[in-house]
Amino acid sequence: APGGAGLEIVHEPGVDLTRSLPPLDAELTLGVVDGTDLEAPAAATVTRPNGELWFFGPPSPEVGATFSVRLSATLVPEVGGIWQVSLAHAGRARLWLDDECVLDGMGQPFPSGSSFLGLGTQEVRVERTFEAGVPVAVRAEFTNPDGAMLSGVRIGARPAPPTDMVERAVAAASRADAVVLMVGTDKEWES
């Protein structure tokens, strides 16, 4: 048809190649503490635009190389259903959702991984059911107990991908007059 009139383009990813969940898409408030006592008063309060926090030295001039951070944010799910939430860190961290500690890399250290240029942990994930538009309180604690020059914490969140991705892709292809199949990886896997 001229100009593509009547043309329908359907896209169905057959697999989920996500190595790391996207950073939590919410502004974080950080209470920065000098030292590792998370009960101590904050020496400074700063904000960050999302859940990916890299620290090249202290996050604030009010604290030394050994510091801690109390983070808080609100996640407002745009869609309801099962969500994946993750935590990775270079240092020590734990994460709460609505006052439930769901990931604890302080009490049970995570395995070493590729996060933070290979200095961090593996990303560990949990799944929770959220309602669309209902706020979820996100809270985390992070410490840099060794005063490492590079440290950080990464909180990821997204709706869980469908469990029937291959079947959906096959069904879409079987209904099509023509198929363009793209195979490969993305920037997380390629250097």
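**Strands, burial and salt bridges**

Val 138 in strand 9 is the bridge partner of Leu 97. The model you're looking at is a predicted one.

Q: What makes strand 6 and strand 9 a pair?
A: Two strands pair if there are at least two bridges between them. Strand 6 (residues 92-97) and strand 9 (residues 136-144) are joined by six, and they run antiparallel. That clears the bar, so they're called a pair.

Q: What does strand 6 form with strand 7?
A: A hairpin, with two residues between the strands. Four bridges join strand 6 to strand 7 (residues 100-104), again antiparallel, and Leu 95 has Leu 103 in strand 7 as its bridge partner. In the turn sits Asp 98, with a positive phi of about 45°.

Q: How do you know that strand 6 is mostly covered?
A: Five of its six residues are buried, and buried means under 20% relative accessible area.

Q: Why is strand 10 called largely enclosed?
A: Just look at the count: nine of the 10 residues in strand 10 (residues 150-159) are buried, so the rest of the structure largely encloses it.

Q: Which strands pair with strand 10?
A: Strand 3 (residues 52-56) does, antiparallel over five bridges, with Phe 55 standing opposite Ser 151. Strand 5 (residues 81-90) pairs with strand 10 too, antiparallel over eight bridges; there, Trp 83 has Pro 159 as its bridge partner.

Q: Why is Ser 68 called buried?
A: Its relative accessible area is 0%, and the cut-off for buried is under 20%. Therefore Ser 68 counts as buried. You'll find Ser 68 in strand 4 (residues 67-75). Its contacts beyond four places in sequence include Val 33, Asp 37, Phe 142 and Thr 143. A polar atom of its side chain lies 2.7 Å from the backbone oxygen of Gly 35.

Q: What makes Thr 47 partly exposed?
A: Thr 47 has 47% relative accessibility. Buried would need under 20% and exposed over 50%, with partly exposed in between, so Thr 47 gets the middle label. This residue is in strand 2 (residues 44-48) and touches Glu 27, Leu 28 and Thr 29, leaving out residues up to four places away in sequence.

Q: How do you know that Glu 52 and Arg 154 meet in a salt bridge?
A: The rule asks for a side-chain nitrogen of Lys or Arg within 4 Å of a carboxyl oxygen of Asp or Glu. Here the N to O distance is 3.4 Å, so the pair qualifies. The two are 102 residues apart, with Glu 52 in strand 3 and Arg 154 in strand 10.

Q: Is Arg 154 buried or exposed?
A: Buried, because its relative accessible area is 14% and the limit is under 20%. Glu 52, at 31%, counts as partly exposed.

Q: What else does Arg 154 form a salt bridge with?
A: Glu 123, where the closest N and O atoms are 3.8 Å apart. Glu 123 lies in the loop between strand 7 and strand 8, so this pair ties together parts 31 residues apart in sequence. Salt bridges with shared partners join Glu 52, Glu 123, Arg 125 and Arg 154 into one network.

Q: How many salt bridges are there by this rule?
A: Six. Among them is one between Glu 100 and Arg 128, at 3.1 Å, N to O.

How values were computed: Residues numbered from 1 in each chain as written. Predicted model: local features only at pLDDT ≥ 70, side-chain atom pairs only at ≥ 80, totals over all residues. Heavy atoms only, no water. Buried < 20%, exposed > 50% of the residue type's maximum accessible area, 1.4 Å probe, protein only. Polar contact = N/O pair within 3.5 Å; in protein donor to acceptor, adjacent residues only side chain to side chain. Contact = heavy atoms within 4.5 Å.
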